[in-house]
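Subject: Structure for your review

Dear colleague,

Please find below the structure that I am handing over to you. My notes on it follow directly after.

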Amino acid sequence: MITEAAPRRALVTGASSGIGAATALRLTSEGWQVFALARRAEKLEHLAEQEGIIPLVCDVTDPEQVAGVVETITAAGGIDTLINNAGGALGVDPVGTGKVEDWRWMFEVNVLGTLNVTQAFLPMLREHGEGTVLNVTSTAGYTPYEGGGGYNAAKYGQHALTGVLRLEEAEHNIRVIDVLPGMVHTEEFTAKRLRGDTAAAQKVYAGVEKPLVAEDIAEVITNAVTLPHHVNLDQIVVRPVAQAAQHKVIRKN
Ligand code: 8X3
């Protein structure tokens with residue numbers, strides 16, 4: 001008798017735009033069922049139309065809201081894969097003058113958001129028997145750069161959390177993957193970091209012929225989570241060719 005394998009099921013946080021939205025779309029195009037999580041309902045509308053995507057509104061920094069999402073997803077059949085993508089940067093100030101509230105926000109969303117969602121879903125992933133956690137951190141998580149300040153600190157923190165989780169959860173057969181993107185040209189990331197200064201945001205990518213786009217990272221994520229479960233790509237650093245290192249970006253005029 002031929003039986004069809006059950007579809008894989010993932011939760012993607014920060015799914016309303018950029019890497020998160022592209023990942024939700026890419027996974028569903030491969031037959032996955034995806035719970036797409038974001039803070040703002042109206043930003044999820046475009047995904048709600050996609051077959052295979054179930055949008056869920058939730059702020060990952062609020063443990064009560066996250067607990068509600070666990071209930072909803074449990075009732076809907078659960079997940080085998082958690083993709084912690086929610087995060088972001090705010091400001092490019094030097095350490096000497098950086099704003100504590102910016103640092104706090106970055107720590108909340110990148111580190112504590114990942115912690116909240118991971119803690120909430122670990123029992124489900126352990127019970128599944130072949131769970132996967134994939135955290136989207138950043139090259140800012142292992143290379144400091146001027147103006148990186150709070151973002152570097154937060155991403156180093158999230159990167160460390162990811163490494164510890166891999167060590168602790170191996171005995172529960174949960175693989176833990178760290179994807180560290182470099183320069184990715186998305187609608188929101190740099191605009192938010194530069195507090196809406198879109199002209200300055202454009203300059204970040206000026207002359208870079210082919211920065212990465214969200215779909216590139218979505219492809220990397222999809223490949224990593226669809227490999228046989230015993231294959232764990234611990235850390236995947238993804239940069240455009242034009243960004244050989246944080247400080248070395250090839251720009252053409
Ligand atoms: C984004 C990469 O280079 O802006 O996470 O720090 S970078």
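I begin with Lys 210, which is placed in the loop between helix H7 (198–204) and helix H8 (214–226). Please bear in mind throughout that this is a predicted model. Lys 210 has a relative accessible area of 69% and is therefore classed as exposed. Its C-alpha atom is 7.2 Å from that of Ala 242, although 32 residues separate Lys 210 and Ala 242 in sequence.

The ligand site

Nine positions need not be searched for by eye: the ligand is surrounded by Ser 138, Ala 140, Tyr 145, Tyr 151, Pro 181, Gly 182, Phe 189, Arg 193 and Gln 246. By residue class, this shell consists of 5 nonpolar, 3 polar and 1 charged. Several side chains approach oxygen atoms of the ligand. For Tyr 145, a polar side-chain atom is found 2.5 Å from a ligand oxygen. For Ser 138, the distance between an N or O atom of the side chain and an oxygen atom of the ligand is 2.6 Å. For Arg 193, the corresponding separation between a side-chain N or O atom and a ligand oxygen is 3.5 Å. The ligand on its own would expose 250 Å², and 84% of this area is buried by the protein.

Thr 139

Thr 139 belongs to the loop that runs between strand E5 (132–136) and helix H5 (149–169). Its relative accessibility is 1%, and because buried means under 20%, Thr 139 falls into that class. The side chain of Thr 139 makes a polar contact of 3.3 Å with the side chain of Gln 246, and Gln 246 is also one of the residues around the ligand. Beyond its neighbours within four places in sequence, Thr 139 is in contact with Leu 180, Pro 181, Gly 182, Val 237, Arg 239 and Gln 246. Pro 181 and Gly 182 likewise appear among the residues around the ligand.

Salt bridges

The structure contains 11 salt bridges. One of them pairs the side chains of Arg 8 and Asp 80, with an N to O distance of 2.8 Å. Arg 8 sits in the segment before strand E1 (9–12) and Asp 80 in the loop between helix H3 (63–75) and strand E4 (81–84), so this pair ties together parts that are 72 residues apart in sequence. The two partners fall into separate accessibility classes: Arg 8 is partly exposed at 26%, whereas Asp 80 is buried at 6%.

A salt bridge also links the side chains of Glu 188 and Arg 40, at 3.9 Å from N to O. Glu 188 is located in the loop between strand E6 (175–181) and helix H6 (189–193), and Arg 40 in the loop between strand E2 (33–38) and helix H2 (45–48), so parts that are 148 residues apart in sequence are tied together by this pair. Glu 188 is partly exposed, with a relative accessibility of 26%, and Arg 40 is partly exposed at 30%.

Finally, Lys 99 and Asp 93 form a salt bridge in which the closest N and O atoms are 3.7 Å apart. Salt bridges with shared partners connect Asp 93, Lys 99, Asp 102 and Arg 195 into one network. Within this network, Lys 99 is partly exposed at 35% relative accessibility, and Asp 93 is partly exposed at 24%.

With kind regards

Notes
Residues are numbered from 1 along each chain as its sequence is written. This is a predicted model: local features need pLDDT of at least 70, side-chain atom pairs count only at pLDDT 80 or more; totals for chains, interfaces and linings use all residues. Side-chain values use heavy atoms; hydrogens and water are left out. Helices (H or I, at least four residues) and strands (E, at least two) are DSSP runs, numbered from the N terminus. Buried means under 20% relative accessible area, exposed over 50%, partly exposed in between (1.4 Å probe, protein chains only). A polar contact is a pair of N or O atoms within 3.5 Å; within protein, one must be able to donate a hydrogen and the other to accept it, and residues adjacent in sequence count only if both atoms are side-chain atoms. Contact means heavy atoms within 4.5 Å. A residue is near a molecule or strand if one of its heavy atoms lies within 4 Å of it. Accessible areas come from the Shrake-Rupley method with a 1.4 Å probe; for residues, only the protein chains shown count as cover. Ala, Val, Leu, Ile, Met, Phe, Trp, Tyr, Cys and Pro count as nonpolar, Asp, Glu, Lys and Arg as charged, and the others, Gly among them, as polar. A salt bridge is a side-chain nitrogen of Lys or Arg within 4 Å of a carboxyl oxygen of Asp or Glu.
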